[in-house]
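Here are my notes on the model, set out as numbered points so that each can be checked against the structure as you go.

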Amino acid sequence: AHTDCRADNFLFGGSAGADQVTAVDWQLVTRHLGVYDVANFLGMSVTVDDRRAWQDDLLRRYHDALVGRGVEHGDRRVLARRIAAGRGPVVGKLSLA
């Protein structure tokens with residue numbers, strides 16, 4: 001996991017292409033739950049109102065991408081419980097409300 005997923009650690013577009021995203025700042029990379037990065041981004045880079053509006057769709061897309069690549073980890077409810085359970089210092093600040 002990147003473990004520092006926030007908007008200022010991503011480059012959008014540029015020479016990689018308009019629809020590409022490049023992650024930077026990898027000094028904190030570690031083996032961790034991937035959903036931590038998703039929750040970290042939602043908790044640190046998105047307003048509360050936007051997070052509430054987008055969270056279900058983003059988690060669905062994340063889950064579907066994992067399943068589509070053969071990752072077996074449970075259903076979307078597992079992801080939601082991991083976020084709600086506070087896996088990590090930032091993740092605990094998120095609410096499913």
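1. Asp-64 is partly exposed, its relative accessible area being 36%, and its side chain meets that of Arg-60 in a salt bridge with an N to O distance of 3.5 Å. Please keep in mind while reading these distances that the model is a predicted one. Arg-60 and Asp-64 are 4 residues apart in helix α2, which means that about one helical turn separates them.

2. Arg-60 has a further partner in Asp-57, and there the salt bridge spans 2.4 Å from N to O. Asp-57 and Arg-60 are also both in helix α2, 3 residues apart, again about one turn of the helix. The geometry fits a general rule: an α-helix has 3.6 residues a turn, so residues three or four places apart point the same way. Asp-57, with a relative accessible area of 30%, is partly exposed, and Arg-60, at 31%, is partly exposed as well. Through shared partners, the salt bridges join Asp-57, Arg-60, Arg-61 and Asp-64 into one network.

3. The helix that carries these residues deserves a point of its own. Helix α2 covers residues 48-68, 21 residues in total, and from its first C-alpha to its last it reaches 29 Å, which is close to the 30 Å expected at 1.5 Å a residue. Nevertheless, α2 has a kink of about 50°, centred on Trp-54, and I would ask the reader to look at the helix around that residue in the structure shown. The buried residues of α2 are Arg-51, Gln-55, Leu-59, His-63 and Leu-66, a list that includes the charged-type name Arg-51 alongside Leu-59 and Leu-66. After α2 comes Gly-70, which has a positive phi near 85°.

4. How many salt bridges does the structure hold? The count is 5, and one of the pairs to look at beyond helix α2 is that of Arg-6 with Asp-8, in which the closest N and O atoms are 2.7 Å apart. With regard to exposure, Arg-6 counts as partly exposed at 22% relative accessibility, whereas Asp-8 is exposed, with a relative accessible area of 54%.

5. The aromatic side chains should be read together, since a pair of aromatic rings is described by the distance of the centres and the angle of the planes. There are 2 aromatic pairs in the count. In one of them, Phe-10 and Phe-12 lie 6.4 Å centre to centre with 45° between the planes, an arrangement classed as tilted. In the other, the ring centres of Phe-10 and Phe-41 are 6.0 Å apart and the planes stand at 85°, so this pair is edge-to-face. Phe-10 belongs to strand β1 and Phe-41 to helix α1 (residues 34-45), so the pair ties together parts that are 31 residues apart in sequence. Phe-10, Phe-12 and Phe-41 thus make up one aromatic cluster, in which Phe-12 is exposed with a relative accessible area of 58%, while Phe-41, at 25% relative accessibility, counts as partly exposed.

6. Two residues other than glycine call for a check of the backbone. Thr-3, in the segment before β1 (10-12), has a positive phi near 70°. Is Thr-3 buried or exposed? Thr-3 is buried, because its relative accessible area of 14% falls under the 20% cut-off. Apart from neighbours within four places in sequence, Thr-3 is in contact with Leu-28, Val-29, Thr-30, Tyr-36, Asp-37 and Asn-40. The second residue is Asp-25, where phi is positive at about 65° although the residue is not a glycine. Asp-25 sits in the loop between β2 (21-23) and α1, and at 25% relative accessibility counts as partly exposed.

7. For the chain as a whole, the secondary structure comes to 3 helices and 2 strands, and the order from the N terminus on is β-β-α-α-α. Of the 97 residues in the protein chain, 29% are buried. The chain exposes about 6,300 Å², of which carbon and sulfur atoms supply 53%. Among contacts between residues at least 6 apart in sequence, 54% join residues at least 24 apart.

Methods
Residues are numbered from 1 along each chain as its sequence is written. This is a predicted model: local features need pLDDT of at least 70, side-chain atom pairs count only at pLDDT 80 or more; totals for chains, interfaces and linings use all residues. Side-chain values use heavy atoms; hydrogens and water are left out. Buried means under 20% relative accessible area, exposed over 50%, partly exposed in between (1.4 Å probe, protein chains only). Contact means heavy atoms within 4.5 Å. Accessible areas come from the Shrake-Rupley method with a 1.4 Å probe; for residues, only the protein chains shown count as cover. The expected span of a helix is 1.5 Å times one less than its number of residues. The bend at a residue is the angle between axes fitted to the seven residues ending there and the seven starting there. Rings of Phe, Tyr and Trp (its six-membered ring) pair if their centres lie within 6.5 Å; planes under 30 degrees apart count as stacked, over 60 as edge-to-face and the rest as tilted. A salt bridge is a side-chain nitrogen of Lys or Arg within 4 Å of a carboxyl oxygen of Asp or Glu.
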